[in-house]
Amino acid sequence: MQIRLDRLPWLQVLASSCIVVQASVTFNIFGFLQPVSYLVLFMTLLFFLVMVLLFCRTPKMSLFDFACTMFFTLLLSFTIVNGTDIKDCIYICAGVLLTILMFNYFRNNLKLIILSMGITFSLLAYANIALMLMFPDWIFMTDEWDSYLLGGNYNSIGIRLITAIIVNYVCVRYYRKWILNLILLIIISIGTLILVGSMTATTGVILFTLTCFIPSVRLQKIAFITFFIFYVLFQIGVCFQGEGLQDNPLAVYFIQDILGKNLTFTNRTVLWDAAARMFWQSPVIGYGFVDTDWYNAHMASFAIGPHNYIYSILLNGGIILILVFISIVALAFRRIWPNLDRTGGALLLGFTTVLFMETMEVYPHFFNFLLLALIFYYPELKTTWETENPQENLEETENI
C-alpha cells in the first residue's frame, strides 16, 4: 500500500507545532529543556526535508513563494560569502522555508496548520506565565537575558504573544467558541507584558486588539493605509536619522512633546547610527547573518543588534535583500486586497503593528513571514470558511 504523506494530518500538525516551538521557545532557561531543543531542531529539519521532497514531486510555486525562497537563499549565500554565522542561518532558513512550503503545498486546506499553530502558541503563552508565577526569580534578576520561556529577553516576549493573538483570531473563523481562548490569551498577554515592563509590546497588543473592533472594512482600509504611511514616515524620518534627530526641530517636537519620549529612544539612536555606518561599508550584499560577537565588535557593546528590523535586513543582505523583502510585502498586500473582509483587514493591521514594533526591536524572521504567508494565502483561507461556515461568511460580508 502506498502511503500518501500529503494526506496524513499528523504531518501538518507535528510540523506546524515544531515550527512554532522552535521559533518561540528559549530552551536554555532550564537545563532539562536542552535535550528538547535538540529534538525540536531535528524534527524541524526533518520536516523541512520531507516537505522539499513532497514539493519536488508536484512543484508549483507562486511568485510570493519564489520571492521568499530567494530571500533566504540570498541570506544564506551572503552569510557563506562573508563567513559569518552559517550554522544558525541554516536553522533559521529551514524553519521559515518549512512554513512557506507548508502553506504552498497544503494551500487548498490550511485548516489543520492554522489550528495547530493557534493551539501551540496558546499553550506556550500559558506555560510562560505559569513558569513566571512558579519561579518568580525573574523579578530580582539584573540580567534580563534568558529569563523567560518565550524569547528569553523581556523585549522578545511581545512578538510571540501578538503573533499568537493574530493566529488565534484567524482560528475563530473556524470555530466560534475559539473566541473564549482568544479573550483569555489577550488578557494573559497584556498581563504578562505589563509584569515584565515591555511597554512597546503592551501598546502593540492593545492596539491590535482595538483594531479588531473596527466595524467595517472601509474603516479598516482607511486605518491600515494611515497606519502604514505613518510607519514608513517614522522609519524614514526618525529611525534613518539616527543621532541626527536632534537637528530636526519637527522630529524633536513630535518625539518630545507629542510622544513624550527622549530623543535617544533609550540609546537606540546610537545603535541606528552604528548600523547605518556599517551598512554603507557594504551596501550591496551586507554581511550575511551575523551573531552577537559580530555586533559587539562592530556596533556597540551595551546592546545586541540595531534594534530595528529594516536596519537588520540591510546589515544581513544590503540593498538586494531589502528590495526582495519589499517585493514580498507588496505581493502579499496585492493579493489580499481584492479579498478583504474584516478578518483580512485585521491581519493587515496586525502585520503593520508588528512592523511598527520593529522600528524599536529586531524579531526573528519567522514571525514576519508567518504573518505574510497568512496575508498572501488569505483567499484560500476564505474559501475554506465559505465552504464550512457559509452563514458566518454571509454575516462577515454584510459588515463590509
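How many helices and how many strands make up the secondary structure of the chain?

## Overall fold

This report describes a predicted model. The secondary structure of the chain consists of 17 helices, and the number of strands is 0.

The chain has 400 residues, and 56% of them count as buried. Among the contacts in the chain with a separation of 6 or more, 76% are made by residues that lie 24 or more positions apart.

## The nonpolar core

The largest nonpolar core contains 134 residues. Within this core, Phe64, Phe103 and Ile114 touch the most other members. Helix α13, which covers residues 309–336, gives the most to this core, contributing 16 residues.

Which residues does Phenylalanine 103 touch, when those up to four places away in sequence are not counted? Its partners include Leu110, Ile113, Ile114 and Met117. Further along the sequence, Phenylalanine 103 also touches Leu370, Ala373, Leu374 and Tyr377.

## The surface

The chain exposes about 17,900 Å², and carbon and sulfur atoms supply 67% of this area. On the surface, Met61, Leu63, Phe66 and Met70 make a nonpolar patch of about 370 Å².

One member of this patch, Methionine 61, is found in the loop between α2 (34–57) and α3 (63–82). Why is Methionine 61 described as partly exposed? Its relative accessible area is 38%, and the term applies because this value lies between the limit for buried residues, under 20%, and the limit for exposed residues, over 50%.

Conventions
Residues numbered from 1 in each chain as written. Predicted model: local features only at pLDDT ≥ 70, side-chain atom pairs only at ≥ 80, totals over all residues. Heavy atoms only, no water. Patch = residues over 30% accessible without salt bridge, like charges linked within 9 Å, V, L, I, M, F, W, Y side chains within 5 Å. Areas by Shrake-Rupley, 256 points an atom, 1.4 Å probe, with all protein chains shown as cover. Salt bridge = Lys/Arg side-chain N within 4 Å of Asp/Glu carboxyl O. Helix = DSSP H or I, 4+ residues; strand = E, 2+ residues; numbered from the N terminus. Buried < 20%, exposed > 50% of the residue type's maximum accessible area, 1.4 Å probe, protein only. Contact = heavy atoms within 4.5 Å. Core = buried A, V, L, I, M, F, W, Y, C linked by side-chain atoms within 4.5 Å.
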